[in-house]
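Here's a walk through one protein model, from the overall numbers down to a few local details. Have the coordinates open while you read.

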Amino acid sequence: MARRTIPEEYLAGYTDILTEVAATGRRLTRDELQSRRALGEQAAEAGLGLRALVVQHLAATRAAWPGSAAESVLGAVEQAVDAFAEGYERAQRLAVRQEEAARREFIDDLLYGGSDLGHLAERAERFGLRLSHAHAVAVAGNLASYEETGSVLRKVEQAVYARFGDRRILLTTKDGRLVCIAPGDEADILTFFAKHAHAATDGGQVAVGRPHPGPGGVVHSYEEALNALDLARRMHLDDPVLRAGDLLVYPVLTRDRAAMADLVHNVLGPLRSTRGGPGPLLDTLTAYFDSGCVSAEAARRLNLSVRALTYRLARIHQVTGSNPTDPVHRYTLQTAVIGARLLDWPSSDS
């Protein structure tokens with residue numbers, strides 16, 4: 001079968017070498033070894049299987065076997081097949097490197113939007129994406145370094161592909177984070193990815209961008225996911241999975257940063273005059289609002305007694321003129337507290 005499926009050109013000169021070796025007992029010359037390597041490279045580039053090629057070499061050896069020179073011939077076979085396989089593997093390694101380079105260049109262009117969109121869509125087909133459709137992107141944000149071929153990526157890939165098979169999914173790494181790009185109408189894929197990426201990255205948060213159409217939609221969704229991770233850091237959000245669609249209020253609040261900074265300074269600025277600075281009272285407001293304005297829960301989060309918490313709230317009212325327990329004042333105070341988190345106040349306030 002090997003003779004019928006593998007062209008004879010990949011054994012060119014092989015039996016001649018064996019015949020001469022059998023007659024003289026010599027080893028293969030440098031040129032002969034190089035010719036075997038070259039044929040191995042050509043066979044790899046032609047997409048032929050190494051196993052079938054080796055079988056063909058052994059069949060040719062058996063057909064041209066000079067019975068009285070077994071030792072010399074076997075030594076020549078070992079040299080020739082080894083050189084042939086070396087060339088074959090060298091060509092394969094080069095092909096893998098070229099494929100990895102092409103994949104990385106494509107991912108960079110896709111996630112940074114730095115390429116002609118029409119050409120990008122054509123290249124995407126090679127990697128299983130149809131950019132004419134909507135896509136959404138999930139990013140696992142544990143700030144560790146995950147290599148493209150690392151064990152973490154392989155572990156998550158195996159889980160996702162075992163569950164969903166080939167559904168136009170692309171998993172990769174970018175800037176030390178795991179990235180999953182999936183069709184926008186298959187939210188279960190990104191939910192599944194988020195679960196496994198969270199576990200594989202030792203509890204790293206995962207952010208999911210909204211679906212957006214077209215080649216630029218992938219960039220948009222990716223940026224939403226990155227912004228969600230940054231927002232979680234600044235707002236101290238500890239949810240394992242963050243969805244950009246659930247956090248839209250925060251970009252709205254910071255769209256006019258100057259107005260937000262003015263609100264923070266006017267409402268919370270007086271806390272600077274308190275003993276110990278604004279930190280403890282700002283933490284009190286944060287815990288109070290995060291607990292749904294339930295004093296007992298806020299006190300528990302701060303390791304305070306309810307009486308101590310009540311005293312702090314009264315002190316905030318006294319200093320700022322705004323009462324955290326009054327619904328009329330509460331919205332302004334809470335918005336100012338959110339703004340302080342987003343603007344990293346008071347640390348960023350010189």
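The accessible surface of the protein chain comes to about 18500 Å², and carbon and sulfur atoms hold 51% of that area. Keep in mind that this is a predicted model. Of the 350 residues in the chain, 44% are buried. The secondary structure amounts to 15 helices and five strands. As for contacts between residues at least 6 apart in sequence, 70% of them join residues at least 24 apart.

How much confidence comes with the model? The average pLDDT for the chain is 84, and 90% of the residues score at least 70. Confidence bottoms out in helix α1 (residues 2-5), where the mean is 46, and peaks in strand β4 (residues 206-208), at 96. Where pLDDT is low, the predicted coordinates should not be read in detail.

Next, the rings. There are two aromatic pairs in the structure. Phe-164 and Phe-192 make an edge-to-face pair, with 5.4 Å centre to centre and 85 degrees between the planes. Phe-164 sits in helix α7 (residues 151-164) and Phe-192 in helix α8 (residues 187-200), so this pair ties together parts that are 28 residues apart in sequence. Phe-164 counts as buried because its relative accessible area is 6%, under the 20% cut-off. The other pair, Tyr-288 with Phe-289, is tilted, at 5.8 Å centre to centre and 55 degrees between the planes. Tyr-288 is buried at 3% relative accessibility, and Phe-289 is buried too, at 8%.

Phe-164 has a charged partner as well: the charged end of Arg-163 sits over the Phe-164 ring, 4.6 Å from the ring centre.

What about disulfides, how many does the structure hold? The count is zero. Two of the cysteines can still be placed by their exposure: Cys-180 is buried, at 0% relative accessibility, whereas Cys-293 is partly exposed, at 22%. Cys-293 misses the buried class because that class needs a value under 20%.

Now for the backbone. Most residues other than glycine have a negative phi, and most peptide bonds are trans. Asp-202 has a positive phi, near 55 degrees, though it isn't a glycine. Asp-202 is found in the loop between α8 and β4. His-236 also has a positive phi, near 60 degrees, and isn't a glycine either; this histidine lies in the loop between α9 and β5 (241-243). A cis peptide bond joins Trp-345 and Pro-346, with omega at about 10 degrees. Pro-346 belongs to the segment after α15 (327-342).

Which residues from this tour count as exposed? Here are three of them, with their relative accessible areas.

| Residue | Relative accessible area | Class |
|---|---|---|
| Arg-233 | 54% | exposed |
| Asp-202 | 73% | exposed |
| His-236 | 63% | exposed |

Each of these three lands in the exposed class because the value is over 50%.

Arg-233 is part of helix α9 (residues 215-235). Where does a sequence-distant residue turn up relative to Arg-233? Leu-342 is 109 residues away along the chain, and the C-alpha atoms of Arg-233 and Leu-342 are separated by 9.5 Å.

Methods:
Residues numbered from 1 in each chain as written. Predicted model: local features only at pLDDT ≥ 70, side-chain atom pairs only at ≥ 80, totals over all residues. Heavy atoms only, no water. Helix = DSSP H or I, 4+ residues; strand = E, 2+ residues; numbered from the N terminus. Buried < 20%, exposed > 50% of the residue type's maximum accessible area, 1.4 Å probe, protein only. Contact = heavy atoms within 4.5 Å. Areas by Shrake-Rupley, 256 points an atom, 1.4 Å probe, with all protein chains shown as cover. Disulfide = S-S within 2.5 Å. Phe/Tyr/Trp six-rings, centres within 6.5 Å; stacked < 30°, edge-to-face > 60°. Lys NZ or Arg CZ within 6 Å of the ring centre and 35° of its normal. pLDDT = per-residue confidence, 0-100.
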